[in-house]
Amino acid sequence: MCVGIVGELVGFARVLSDFIYKAVIFDVIVAPDERGKGLGITLMELIKHHPKLNKVLHFELYFFT
């Protein structure tokens, strides 16, 4: 599943899930000129409350530096 904030793509996140036990969140990305506006938080909220993920027991966020 991919979640994005569009018009011009300003935010993106990718989720891999079995839709029951675990959802792994990768690639939470916000365009540099849009950072600091709470869009990363918005993406995470959209993921946590997405109807297909409402039965998932465990969410994990992976990030790479």
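Of the 65 residues of the protein, 29% count as buried. The model is a predicted one, and what follows describes that model, beginning with its overall form and ending with single residues.

The secondary structure amounts to four strands and one helix. Read from the N terminus, the order of the elements is β-β-β-α-β. The radius of gyration is 12 Å, close to the 11 Å that the globule rule gives for 65 residues, so the protein is as compact as a globular protein of that length. Along the principal axes, the C-alpha atoms fill a box of roughly 35 × 25 × 15 Å. The accessible surface comes to about 4700 Å², and carbon and sulfur atoms account for 62% of that surface. When contacts between residues at least 6 apart in sequence are considered, 48% of them join residues at least 24 apart.

The interior comes next. In soluble globular proteins, nonpolar side chains tend to be buried together. Here the largest nonpolar core has 13 residues, and those with the most contacts inside it are Ile5, Val15, Ala23, Leu39, Leu43, Ile47 and Leu53. Two or more residues of this core come from each of strand E1 (2-5), strand E2 (11-17), strand E3 (22-30) and helix H1 (39-48).

Leu53 is one of the core residues with the most contacts inside it. Not counting residues up to four places away in sequence, Leu53 touches Met1, Val15, Ser17, Phe19, Ala23, Ile47 and Phe59. Among these partners, Val15, Ala23 and Ile47 are also listed with the most contacts inside the core.

Met1, another partner of Leu53, lies in the segment before E1. Is Met1 buried, partly exposed or exposed? Its relative accessibility is 28%, so Met1 counts as partly exposed, because buried means under 20% and exposed means over 50%. With residues up to four places away in sequence set aside, Met1 is in contact with Ala13, Arg14, Val15, Phe19, His50, Lys52 and Leu53. The C-alpha atoms of Met1 and Ser17 are 8.1 Å apart in space, while the two residues are 16 apart in sequence.

Ser17 lies in strand E2. Its side chain reaches two backbone atoms: the nitrogen of Phe19 at 2.8 Å and the oxygen of Lys22 at 2.8 Å. Leaving aside neighbours within four places in sequence, Ser17 is in contact with Lys22, Ala23, Leu53 and Val56. Lys22 and Ala23 belong to strand E3 (22-30), and Leu53 has already appeared as a core residue.

Charged side chains make a further set of links. How many salt bridges does the structure hold? There are four, and three of them are described here, among them the pair of Arg14 and Asp27. The closest N and O atoms of Arg14 and Asp27 are 2.7 Å apart. This pair links distant parts of the chain, with Arg14 in strand E2 and Asp27 in strand E3, 13 residues apart. Arg14 is partly exposed at 36% relative accessibility, and Asp27 is partly exposed at 30%. Arg14 is also one of the residues that Met1 touches.

Another salt bridge joins Glu45 and Lys48, with N and O 3.2 Å apart. Why is this pair about one helical turn apart? Glu45 and Lys48 are both in helix H1 and three residues apart, so about one helical turn separates them. Glu45 has a relative accessibility of 34% and counts as partly exposed; Lys48, at 41%, is partly exposed as well.

Glu34 and Lys37 form a salt bridge too, and their closest N and O atoms are 2.9 Å apart. Lys37 counts as exposed, because its relative accessibility is 55% and the cut-off for exposed is over 50%.

A last residue, Val6, lies in the loop between E1 and E2. Is Val6 buried or exposed? Its relative accessible area is 67%, so Val6 is exposed. Val6 and Gly40 are 34 residues apart in sequence, and their C-alpha atoms are 13 Å apart in space.

Note on methods. Residues numbered from 1 in each chain as written. Predicted model: local features only at pLDDT ≥ 70, side-chain atom pairs only at ≥ 80, totals over all residues. Heavy atoms only, no water. Core = buried A, V, L, I, M, F, W, Y, C linked by side-chain atoms within 4.5 Å. Buried < 20%, exposed > 50% of the residue type's maximum accessible area, 1.4 Å probe, protein only. Contact = heavy atoms within 4.5 Å. Polar contact = N/O pair within 3.5 Å; in protein donor to acceptor, adjacent residues only side chain to side chain. Rg over C-alpha atoms; globule rule 2.2 N^0.38 Å. Areas by Shrake-Rupley, 256 points an atom, 1.4 Å probe, with all protein chains shown as cover.
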